[in-house]
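The following paragraphs offer a guided reading of the charged contacts in a protein model. Please keep the sequence and the structure in view throughout.

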Amino acid sequence: MTDVNARIDAEVKSSDVVLFMKGTPQFPMCGFSGQVAQILGYLGVPYKGVNVLEDQEIREGIKAYSNWPTIPQLYVKGEFIGGCDITREMFQAGELQALFEDKGITVKQAS
């Protein structure tokens, strides 16, 4: 495992829900990252945001790590879930909420 892979692996395992994104959860720097952050916020799921704009190695390395070409990337309990489109589709179908519940992550969905 390369140094950047080890760093990414440590980030993925550091929290139950990790979002590799452009910007931060409070200040997303792209619309796709903002959409995923908004979904997680709506569900009230605590998560760690990793700003790929701050580290070029992580920005490129995460794509190889997941074998997924785009950012944002959502990980739940160390498992790659997908990018913006997959996360949004899962949310709209209720599958994302079910995944969190199955993994023991409490969803505090806003009313």
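Arg88 has a relative accessibility of 26% and therefore counts as partly exposed, in a model that is predicted. The side chain of Arg88 joins that of Asp85 in a salt bridge, with 2.9 Å from N to O. Both residues belong to helix 4 (residues 84–93), where they are three residues apart, about one turn of the helix. Asp85 is likewise partly exposed, because its relative accessible area is 42%.

A comparable arrangement is found in helix 3 (residues 56–66), which holds both Lys63 and Glu60, three residues apart, or about one turn of the helix. These two residues form a salt bridge whose closest N and O atoms are 3.8 Å apart. Lys63 has a relative accessible area of 25% and so is partly exposed; Glu60, at 42% relative accessibility, is also partly exposed.

The next pair connects separate regions. Lys77 forms a salt bridge with Asp16, and the closest N and O atoms are 4.0 Å apart. This contact links distant parts of the chain, 61 residues apart: Lys77 lies in the loop between strand 3 (73–76) and strand 4 (79–82), whereas Asp16 lies in the loop between helix 1 and strand 1 (17–21). Lys77 is partly exposed, at 41% relative accessibility, and Asp16 is partly exposed, at 40%.

Salt bridges also link Arg7, Asp55 and Glu57 in a network. Over the whole structure, a search finds eight salt bridges.

Finally, helix 1 (residues 3–12) contains Ala10, which is partly exposed at 47% relative accessibility. Ala10 and Gly82 are 72 residues apart in sequence, and their C-alpha atoms are 18 Å apart in space.

Methods:
Residues are numbered from 1 along each chain as its sequence is written. This is a predicted model: local features need pLDDT of at least 70, side-chain atom pairs count only at pLDDT 80 or more; totals for chains, interfaces and linings use all residues. Side-chain values use heavy atoms; hydrogens and water are left out. Helices (H or I, at least four residues) and strands (E, at least two) are DSSP runs, numbered from the N terminus. Buried means under 20% relative accessible area, exposed over 50%, partly exposed in between (1.4 Å probe, protein chains only).
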